[in-house]
Number of protein chains: 2
Amino acid sequence: MKINDLYIAIGNRIKYLREEKGISQQDLAARCDFEKSNMSRIEAGKTNLTIKTVYKICSALNIKISDIFYDI
Amino acid sequence: MKINDLYIAIGNRIKYLREEKGISQQDLAARCDFEKSNMSRIEAGKTNLTIKTVYKICSALNIKISDIFYDI
DNA sequence: AAAGTGGTTATCATATATGATAACCAGTAA
DNA sequence: TTACTGGTTATCATATATGATAACCACTTT
């Protein structure tokens, strides 16, 4: 897998898990303490996330980090 | 879990998986195309890894990304 | 002794993730 | 119409991860 495809897969996974919880991008962003624009960037797979950011998102979604990488 | 404990847990996990494969830090670093000093820093949990770096390490160890976060 | 292996720590420059702001679009409600 | 919600994109400053180098330690081998 190419690295950009990995970013996109992670973004898609976050989007899927977020929608599963029925919350909006801006809600999730608020729970993570950052702006909705950044959440959009993340879900679009436009950034090479750090573990800290993944951790914030997982905490906000109340899931484990491994849930993000399930089947990746 | 505090964020620094997460970094340390990930570093420990990488160390464990590396030793399981019976390779040295410097070998793993070489496979990842970076210096052994950086590998030491990573295993010590002194850095907030990016996905790209995790990906390089997993590729070098021939494991899945989710293996790094197993039980974390 | 000298050389090699495995690992740690400090330091630096450079690339880039993050956090923030603003402008924008589409759809819906008042 | 206006206002609100949900999302996207561009841009910027600042913080920091990465990549690299060097010095160092302990241990083993020659």
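## Close-up views of two protein chains and two DNA strands

**View 1. Residues around DNA strand C.** Of the 21 residues around DNA strand C, those that come nearest are S37(A), T53(A), K56(A), Q25(B) and K36(B). The model shown here and in the other views is predicted. By class, the residues of the surface near DNA strand C are two nonpolar, 11 polar and eight charged. Helix 3 of chain B gives the largest share of this surface, four residues. Among the atoms of DNA strand C within 4 Å of the protein, 54% are sugar or phosphate atoms, and the rest are base atoms.

**View 2. Polar contacts to DNA strand C.** Two of the pairs involve bases. The side chain of N38(A) places a polar atom 3.2 Å from a base nitrogen of DNA strand C, and an N or O atom in the side chain of K36(B) is 2.6 Å from a base oxygen of this strand. At T50(A), a backbone N or O atom lies 2.9 Å from a phosphate oxygen of DNA strand C. Two or more residues of the surface near DNA strand C come from each of helix 3 and helix 4 of chain A, and from each of helix 2 (25–32) and helix 3 of chain B.

**View 3. Residues around DNA strand D.** DNA strand D is surrounded by 21 residues, the closest being Q25(A), K36(A), S37(B), T53(B) and K56(B). The surface near this strand has 11 polar, eight charged and two nonpolar residues. Its largest share, four residues, is from helix 3 of chain A. Helix 2 (25–32) and helix 3 (36–43) of chain A, with helix 3 (36–43) and helix 4 (51–61) of chain B, supply at least two residues each.

**View 4. Polar contacts to DNA strand D.** S37(B) has a polar side-chain atom 2.7 Å from a base oxygen of DNA strand D. Two other residues of chain B face phosphate oxygens of the strand: an N or O atom in the side chain of T53(B) is at 2.4 Å, and a polar side-chain atom of K56(B) is at 2.6 Å.

**View 5. The interface of chain A and chain B.** Contacts join 17 residues of chain A to 17 residues of chain B. The buried area is about 1,600 Å², with 71% from carbon and sulfur atoms. I51(A), Y55(A) and F69(A) supply 34% of the area that chain A buries against chain B, more than any other three residues. Helix 1 (3–20), helix 4 (51–61) and helix 5 (65–69) of chain A each give at least two residues to the side that touches chain B. That side has 12 nonpolar, three polar and two charged residues. Across the interface there are zero salt bridges and 10 residue pairs in polar contact.

Notes
Residues are numbered from 1 along each chain as its sequence is written. Chains are lettered from A and ligands numbered from 1 in the order in which they are written. This is a predicted model: local features need pLDDT of at least 70, side-chain atom pairs count only at pLDDT 80 or more; totals for chains, interfaces and linings use all residues. Side-chain values use heavy atoms; hydrogens and water are left out. Contact means heavy atoms within 4.5 Å. Buried area is the accessible area (1.4 Å probe) that two parts lose on being put together, summed over both. A salt bridge is a side-chain nitrogen of Lys or Arg within 4 Å of a carboxyl oxygen of Asp or Glu. A polar contact is a pair of N or O atoms within 3.5 Å; within protein, one must be able to donate a hydrogen and the other to accept it, and residues adjacent in sequence count only if both atoms are side-chain atoms. Ala, Val, Leu, Ile, Met, Phe, Trp, Tyr, Cys and Pro count as nonpolar, Asp, Glu, Lys and Arg as charged, and the others, Gly among them, as polar. A residue is near a molecule or strand if one of its heavy atoms lies within 4 Å of it.
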